[in-house]
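Open the model in your viewer and set the cartoon display. Keep the selection box ready. The tour goes strand by strand, then into a core.

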Amino acid sequence: MASSACKNEKEDITVTKIIQNSGLNEGPHWDHQSQKLFFVDIFNQKIFSFDPATGTTRSVYIANGPVGVAIPVYNELNTFIVGTGTDFALVNWNSNEDNTSATVEVKATVDKGKTNTRWNDGKVDSSGRFWGGTMGPEINSVVTPNQGTFYSIDSDFIPKVQISPVSISNGLTWSLLDDTLYYIDSPTYQIAAYDYDPHSGGISNKRIIFDLQKNNIPGLPDGMTIDSDGNLWVAVYNGARVIQINPVTKELIRTVHLPTSKVTSVTFGGPLLDTLYVTTSGLGPIEMKNEAMYAGGIFAIKNLGVHGLLPNLFRTNV
Ligand code: BGC
Ligand code: CA
């Protein structure tokens, strides 16, 4: 596509489709060591790597079930923690290779007693601890409410319930001072904040810092990241946009439009962490003009004038 697929407020912002993959793409993660972007395709049960320097895409198929999230393990070459189905597993994959199978070592299973829930978004905190949650069954775009749970998982692999119930556990990130967790349960239309203690891994004191409906923004808040100024970047599912929010003033700072409606997640990447990588979903009906050629695309947004932070990696032995 032409480098800018749709009109945006600042003339020099470019929105470029870098990959086409028609599944439910999610969970972008910039890997500093390999300078690659990782992301997952949930229902096609794949983890992808993309090397922006060469344009090469590789993937691995995980037979275990839908892949909600995959994050590299610190200091363990080719090892990922993966939320697949309701299992939390260690997966071995050399991301320079296309593989149709991988070793999956299940370390924990969540949502016992629930039917048809699955892992959705997750991330690792500054202590190397995983945080992520599940969502209920989704039939024709309708998700059974209150079937999911938000967990943390330490190096002992024992899941700890953090918030229950939730409906679609989604985006999360931590404040620059590392004292606040920002969290999205999509159907609430809200971004919540909790006091967060990195040592104990406890959260408390929930408050709402932004409500999409109250701000007349269409769609649902989905994946989220933070920039080095402490502002949040939120993917808006069914909203064809990414929004930048100041969590202190609770104000909308900027809107960046995408040429497809199901925008699922965001992360900063590139050598200077100044490219905003955006995943979208290719599933479901086409709603926008020319959307077919963009739905399911992975986009690189440049010239935003901000940069992100390096994501944390899971620590198996702390
Ligand atoms: C989920 C989708 C869901 C969407 C709604 C995504 O994170 O993976 O299944 O439809 O959120 O916000
Ligand atoms: Ca998501």
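**Stop 1: a hairpin**

Select residues 118–124, strand β10, together with β11: the two strands pair in the antiparallel sense over five bridges. Bear in mind that this is a predicted model. Now pick Arg 118 and look across to β11. Which residue stands opposite Arg 118? Met 135 does.

Next, follow the chain between the strands of this hairpin. Five residues lie there. Stop at Gly 128, which takes a positive phi near 80°.

**Stop 2: strand β11**

Select residues 130–135, which make up β11. Are these residues mostly covered or mostly open? The strand is mostly covered, with six of its six residues buried. Show the two faces in two colours. Phe 130, Gly 132 and Thr 134 point one way. Trp 131, Gly 133 and Met 135 point the other way. Residues on both faces are buried.

Now add residues 148–153, strand β14. β11 and β14 pair in the antiparallel sense over four bridges. Zoom in on Trp 131: Ser 152 of β14 stands opposite. β11 thus pairs with β10 and with β14.

**Stop 3: a four-stranded sheet**

Move on to an open sheet in the order β16-β17-β18-β19, with antiparallel pairing. Select 169–174 for β16 and 202–211 for β19. These are the edge strands, and each pairs on one side only. Look along the sheet for its turn: neighbouring strands are rotated by 25° against each other on average, direction ignored.

Then select the inner pair, β17 (180–185) and β18 (190–197). Five bridges join them in the antiparallel sense. Click Tyr 182 to find its bridge partner in β18, Ala 193.

**Stop 4: the largest nonpolar core**

Switch to side chains. The largest nonpolar core has 17 residues. Which members touch the most others? Select Trp 233, Val 242, Leu 258, Leu 276, Val 278, Ile 301 and Leu 304. Two or more residues come from each of β21 (232–237), β24 (263–269), β25 (275–280) and β26 (297–302). The largest share, three residues, comes from β24. In soluble globular proteins, nonpolar side chains tend to be buried together.

Finish on Val 278. Hide its neighbours within four places in sequence, then display its contacts. Val 242, Leu 258, Val 263, Ser 265 and Val 266 are among them. Gly 297, Ile 298, Phe 299 and Ile 301 are in contact with Val 278 as well.

Notes:
Residues numbered from 1 in each chain as written. Chains lettered and ligands numbered in written order. Predicted model: local features only at pLDDT ≥ 70, side-chain atom pairs only at ≥ 80, totals over all residues. Heavy atoms only, no water. Buried < 20%, exposed > 50% of the residue type's maximum accessible area, 1.4 Å probe, protein only. Pairing = 2+ DSSP bridges. Core = buried A, V, L, I, M, F, W, Y, C linked by side-chain atoms within 4.5 Å. Contact = heavy atoms within 4.5 Å. Axes fitted to C-alpha atoms, helices over the stretch in contact; angles between N-to-C directions.
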